[in-house]
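Dear colleague,

Please find below the structure that I am handing over to you. My notes on it follow directly after.

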Amino acid sequence: MTKQKKEPLVRISKRTSGLPTWKAWGIRVAALAASLVVCALVIYAIVKMNPLKVYGAMFEGAFGTNKRIWVTIRDTMMLLCIAIGLAPAFKMRFWNIGAEGQILVGGIASAACMIYLSKTVTTLPLMLLMLALSIVAGAIWGFIPGLFKAKWNTNETLFTLMMNYIAIQMCAYFVALWENPFGSNTVGVINPQTRIGWFPKLLGQDYMLNVIIVLTLTVGMFIYLRYSKQGYEIAVVGESENTARYAAINVRKVIMRTMAISGAVCGIAGFLAVSGASHTISVSTAGGRGFTAIIVAWLAKFNTFVMILISALLIFLDKGSIEIASRYNLSNHVSNMLTGIILFFILGSEFFINYQVKFHHGSKREARA
Amino acid sequence: METQKSIKLVCITKTFGEVTANDAVCLEIHAGEILSLLGENGSGKTTLMNVLSGIYAPDGGNIFVNGNKVTIRSPKDAFALGIGMIHQHFKLVDVLTAAENIVLGLNENKLVDLKNVRIRVKEICDRYGFVVDPDRKVFDMSVSEKQTLEIVKVIYRGADILILDEPTAVLTPQETDKLFAVMRNMKADGKAIVIITHKLHEVMEISDRVAVLRRGKYIGDIPTGDTNPQELTDMMVGRAVSLNIDRTEPQNLTERVTVRNLTVRDIDGVKRLDNISFTAYGGEILGIAGITGSGQKELLEAIAGLQNIEPGASITYLPREGKQVELVGKTPQDIKNLGVALAFVPEDRLGMGLVGNMDVSDNMMLKSYRSGKSVFTDRKTPRELAQQVVESLEVMTPSLSTPVRRLSGGNVQKVLVGREIAGNPALLMTAYAVRGLDINTSYTIYRLLNEQKMRGTAVVYVGEDLDALLELCDRILVLCAGKVSGIVEGRTAKKEEVGLLMTHLGEGAKA
């Protein structure tokens, strides 16, 4: 009975009453700053370079020239578009990890229009048709797992994931079908001379249309999720299906409808990728962005405006690390490490927002990130 | 030789975020004594005992056992000090036998000798008058048997200070008597017993001393013999409270809902409701009593269109004005579209009745958000309703935009009941409407139900506290294992009679 135990030094408890918004953002900014410091130490320790120079190079990689700025914007818009598509599904707690496939089928639909209809349909109707078909293709790809979930309660994570592989195989088939030049095993740039089916320049910028489309979706999805009756239904179903049934919401219908919408927006992302960026199609058109966008959607807690910031940050890190890798002849791993450190801190800061850490001897001070 | 143990809690403080669950609470526990820890819900009784049994670490304060300061970091440490807690929700493994559950987690370094365990279990049972079959699987046991097993488990581990967290909440009156007899035996054997409860008559019956907590603060302790229920209530609530429910004579009884031959099977094909028939009248409160899990939930959900009903049943609803409607085979959407003025306060408040992460205002529109032709929701009307509910029912909330899961249990229930009553129901069904609520809020709910009764609503009240059922309801339908075991008059029925009907099918079974 005399055995004495020491009290634990650190205790972690959940914040029950939430932090004020400014404090939460303070923690996030502090985390970003701390991550830059740690990165600087790593850079100095490993490659013995001036960290400020490296950061400068990263910045130049993303914003160094006018062209680079617009490529960064274009890729940000692409990632943002996918994240917007995922938002309603995840808000409904439907684990849609099938954005890759939904993007690909949208891209296939767009590419098919560009290849088969370039001689018969004029530019504006063609663009509208491409948009419509990519929406339909993506919507079908999203609707199928929604249908199976609603009717037979299949596991949507596995289902959407497997739909990705089907889409990739389909895409491989079309790449073989549309191969150009023969034997290259790629589709090549579609309509390089006529530029039919390419996004037109707006205000003198190649990618202005991408920005307009995605920002329209950003505002539209924000309003849809927050103020529409359907958005309210999505929120209730996501919180508790029992409550939804109790409130006379047709849960099956909501699941199928929401997944069709989610897939449709991802289909638009495929349209952007093919018609508004690469002007070709390949199995790597989605390129893993369907997964990266999951992080964007969750970090932003489905607020589409916050998603703009997060996609911009991720694309900036991506462009910056490519630049430092090539400029200083660094291995890819170093830039990946830096990206990893920064993401680690940003994700880690959510811990300090949701939990408080108390030290045994400190009275009631709250630990900061 | 067992030493006469005593425990002293000094200035125990425990906070959860901004909520102080225990504020410098001091308490003494003596061997050979039954101490009642009395307090309203949210007053910090369970938190304090969880600190003592090693589940929570206190933010401040000290614990002394026999005058020595101790630090309890885990339930294991607590057991080493002879402190054992029997939780409200049992911590047993269903597929194991009683004996296996008892030795589970003991971490003895040798092979488990179940034979020996059986002998020791039998010793314990004989000593205190328990009945436990060591070879019975837990899933075959009734609630009261499981509770007995939990107590034996704790004693087997050498506890001489037993903490029971609301042990009678799940028991019938007869089972409660048995438990109390066992507790007296343990007391006579020199064990210290703490019973957490908010039922005053039990406090008076079983305990030697009462300690009262209010809003996390220690109010005082008093020998049970020197006090009375009214004084204890005043200590608990902090001011004088009247403990009477106004039961008016039912007037203008009109048939509202008639259930005939209702049978419901669960997902495994087990009958949860078996051929239920009854009528609920507008202008009366129909109580539904029964052991938890006797089909109460299924009955209300069947009427609300949330259960699959076996063929051959009929549920006819007669509105205040208009033609009668058949509810069997209808979805909640259909029932809503038929204009049935149905209000339902389900048992699972945050898991079914409300959306925990939404604020009061958004929860107000849960059932009405469809109104209007616009694709957008109308935010103004629900906000006004939220404001009105918060004001008229005195809901304590920091603001209308606080998620309801952050509110206390009583305030959550006020929001839910407020919304359901605002729909002007002709039929109001409530499941365990006052479970976990403090005395004050409970009486607010009783008052609201009585108001509904007086304006001609048919009120169906599923309850677990027999005293409250007998004081509030005009008639009480008793369920036993999914069957109607009898329907008794609330004004004349005896508690024991209802208790018997809960466990044995009465002759009313065929009615």
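In chain B, strand β9 (residues 209-214) is joined to β10(B) by six bridges, and the two run antiparallel. Helices (H or I, at least four residues) and strands (E, at least two) are DSSP runs, numbered from the N terminus, and two strands pair if DSSP finds at least two bridges between them. B:Val212 of this pair lies opposite B:Gly220 in β10(B). Two residues separate β9(B) from β10(B) in a hairpin, and B:Arg215 in the turn has a positive phi of about 45°.

Please note that this is a predicted model, in which local features need pLDDT of at least 70 and side-chain atom pairs count only at pLDDT 80 or more, while totals for chains, interfaces and linings use all residues. Residues are numbered from 1 along each chain as its sequence is written, chains are lettered from A and ligands numbered from 1 in the order in which they are written, and side-chain values use heavy atoms, with hydrogens and water left out.

The hairpin belongs to an open sheet of six strands in chain B, ordered β6-β7-β8-β3-β9-β10, with mixed pairing. β6 (83-86) and β10 (217-223) of chain B are at the edges with a single partner strand each, so one side of each has no neighbour in the sheet. From one strand to the next, the twist averages 20°. Within the sheet, β3 (residues 34-38) and β8 (residues 192-197) of chain B pair in the parallel sense over five bridges, and B:Ser36 stands opposite B:Ile195 in β8(B).

Two helices of chain B are also to be reported; contact means heavy atoms within 4.5 Å, and angles run from 0 to 180 degrees between the N-to-C directions of axes fitted to C-alpha atoms, for helices over the stretch in contact. Helix α5 (residues 143-156) of chain B packs on the sheet, where it touches β6 and β7 (161-165) of chain B, and its direction makes about 170° with that of β6(B). Helix α6 (residues 173-188) of chain B packs on the sheet against β3, β7 and β8 of chain B, at about 150° to the direction of β8(B).

As to the interface, 32 residues of chain A are in contact with 48 residues of chain B. The two chains bury about 3,400 Å² between them, 52% of it on carbon and sulfur atoms; this is the accessible area (1.4 Å probe) lost on putting the two parts together, summed over both.

With kind regards
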